Amino acid sequence: MEVTVITNIRRKVLTMLSKMAYDGNLPDHVYDILQIVNENTPRTRCCVHKERAVLKERICVALGVDTDMNIIDAANKATSEPVDRSQHVIAVLPEGCSACPVNKYMITDVCRRCLTHRCMNGCPKKAISVYQGRAHIDYDMCVECGNCKRACPYGAVVEIARPCENACKVHALHTGANKKAEIDKNICVECGACRGACPFGAIEERSHIVQLIQAIKSGKEVVALLAPSFVGQFGLKVQPGQIVKACKELGFTTVKEVAVGADMTAIAEAEEFLEKVPTGKQKVMTSSCCPAFVATVKRHAPELAECISDAVSPMVARSKLEKHNHPGALTCFIGPCIAKKVEAREHPEDIDFVLTFEELKCMMDSQDIDPAKCEVDAFHAASSADGCGFPQAAGVTQAVKDYVKEAHPDVDVDSLKTVYCNGLEECLATLKDIEGGKLDVQYMEGMACQKGCLNGPGALTEPGLTRVLLKRFAGTTQATSSADIKIAMDGVKNVDMERVYLRK
């Protein structure tokens, strides 16, 4: 993850909120966070008052409430009430949005005042005129067709797109009141791409870090569920057992691998595939692990919604298994994904909290816990190598194939027609081809993030480093295939693996 000024401010807010929540004085001291910005700090906005106005909205979002709440009221709500699951995970900070220019095409000083006026001649609405030899666009008439840009021999016409709108591949962001960015919640898949794209830090995801700490402090059994990529988040030399130890020092009762849930999902998805696709009950099946991809299919390729695998994601599978084995326990998924917070909203009975790795680090920083300095907790991989490989490119497909090869040797795995999609833009194009009958495929794996989950918006390290450490960790597992992991095979039998909300 790129660490910018905005990243540091976000982490400072989350760290201070965590410390106050642990200390039990959050509502009384929440205004202290505003001192991040004072008369002596460098300016990132026009004045200290503007910076504090943005900071107040950032605090509210970090507390999981609306941006217009008074921060004391917001702190009281966060410390006394359960997670508000009705909230959209991604939020625009109105004070933070700079109302970027919205004119899509602009004629620059590169214009050479040519005589052919191809830009003007090619404009279907006659929106371009020439004054003193220089071309100008009448934006009241312009329909943003792009003909002028394509016609100019000097490349003097540039296309301007808001970074947030450009990052959103489902076109959920648009210009609203006062030219501020607004999110169309009916088509947004809450992948978090816009958060990283906004150069003003005006888009954030809601956090439930305070509500989690309240549950820990109340003495409840809270289980940390670590996504497979946890092994690469805190540095090259930090061992998995040290990260587990750090989580326990934060107050988590136990720490479990979500990779076991990945094994469960691979088993359930493979069996479902064999039951539906080769038998002709359905032509194609898509993976169900990435909640942003699932939402993309449902909202932007609804004809294929019935083709999404019914199997729950590794997060939900692992949480269900933990709740089955320890009734009354609360579960907290920790990973690189923002969209998992959306999935938790859809499965309120199965998963209680979701943190990103970034939020986990802020909790550790608030308690002066450095995983690199922690003792190595007794920790051994309980999953398969395929389960660990889920967050990598085509990791789900590989796990499904390996399971089928192991559990159903009569099936010719090599003949299966599969496709892996890297990022939402590629996912949308592939879904369109499948809908139009242009692509003959039996199984489609889709991931919203480029380079897979390792590059999720809540990750702390570059995906390349995580990939190396994850491969090393996978080498310590008991087996290659999910079929050889007894806890996963038994888990599929003991818990309901069907994703109940898909047909809603």
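A salt bridge is taken here as a side-chain nitrogen of Lys or Arg within 4 Å of a carboxyl oxygen of Asp or Glu. The model is predicted, so local features need pLDDT of at least 70 and side-chain atom pairs count only at pLDDT 80 or more, while totals for chains, interfaces and linings use all residues. Residues are numbered from 1 along each chain as its sequence is written, and side-chain values use heavy atoms, with hydrogens and water left out.

## Salt bridges

By this rule the count comes to 26 salt bridges. A network of salt bridges links Arg-10, Arg-11, Arg-58, Arg-195, Glu-204, Glu-205, Lys-341, Glu-358 and Glu-359. Three individual pairs are listed below.

| Pair | N to O distance | Citation |
|---|---|---|
| Glu-358 and Arg-10 | 3.2 Å | salt bridge |
| Arg-195 and Glu-205 | 2.7 Å | salt bridge |
| Lys-276 and Glu-272 | 2.7 Å | salt bridge |

The salt bridge between Glu-358 and Arg-10 links distant parts of the chain, with Glu-358 in helix α15 and Arg-10 in helix α1 (residues 5-23), 348 residues apart. Helices and strands are DSSP runs numbered from the N terminus, a helix being H or I over at least four residues and a strand being E over at least two. Buried means under 20% relative accessible area, exposed means over 50%, and partly exposed lies in between, with a 1.4 Å probe and protein chains only. Glu-358 is buried, with a relative accessible area of 1%, and Arg-10 is buried as well, with a relative accessible area of 9%.

The salt bridge between Arg-195 and Glu-205 joins helix α8 (residues 193-197), which holds Arg-195, to strand β8 (residues 203-205), which holds Glu-205, the two residues being 10 residues apart. Arg-195 and Glu-205 are each buried. Lys-276 and Glu-272, by contrast in setting, both belong to helix α11 (residues 258-276) and lie 4 residues apart, about one turn of the helix; both are buried.

## The four-stranded sheet

An open sheet with parallel pairing is formed by 4 strands in the order β10-β9-β12-β13, where two strands pair if DSSP finds at least two bridges between them. Its edge strands are β10 (254-257) and β13 (353-356), each of which pairs on one side only, and the twist averages 25° from one strand to the next. Such angles run from 0 to 180 degrees between N-to-C directions, the axes being lines fitted to C-alpha atoms, for helices over the stretch in contact.

Strand β9 (residues 222-226) pairs with strand β12 (residues 330-335) in the parallel sense over 5 bridges, and with β10 in the parallel sense over 4 bridges. On the β12 side, Val-223 stands opposite Thr-331 and Ala-224 has Cys-332 as its bridge partner, whereas in β10 the residue opposite Leu-225 is Lys-256. In a regular strand the side chains alternate between the two faces of the sheet. Both faces of β9 are covered, with Val-222, Ala-224 and Leu-226 buried on one side and Val-223 and Leu-225 buried on the other. Helix α13 (residues 314-325) lies across β9, β10, β12 and β13 and runs at about 150° to β12.

## Phe-357 and its surroundings

Phe-357 is found in helix α15 (residues 357-366) and, at 0% relative accessibility, counts as buried. Contact means heavy atoms within 4.5 Å. Leaving aside neighbours within four places in sequence, the contacts of Phe-357 include Ala-227, Phe-230, Ile-334, Pro-336 and Leu-460. The C-alpha atoms of Phe-357 and Thr-418 are separated by 31 Å, the two residues being 61 residues apart along the chain.

## The three-stranded sheet

A further open sheet has 3 strands in the order β11-β15-β14, with parallel pairing. The strands β11 (285-286) and β14 (418-422) stand at the edges with a single partner strand each, so one side of each is left without a neighbour in the sheet. The parallel strands β11 and β15 (residues 443-447) are joined by 2 bridges, and the bridge partner of Met-285 in β15 is Tyr-443. Helix α18 (residues 424-435) lies across β14 and β15, running at about 155° to β15.
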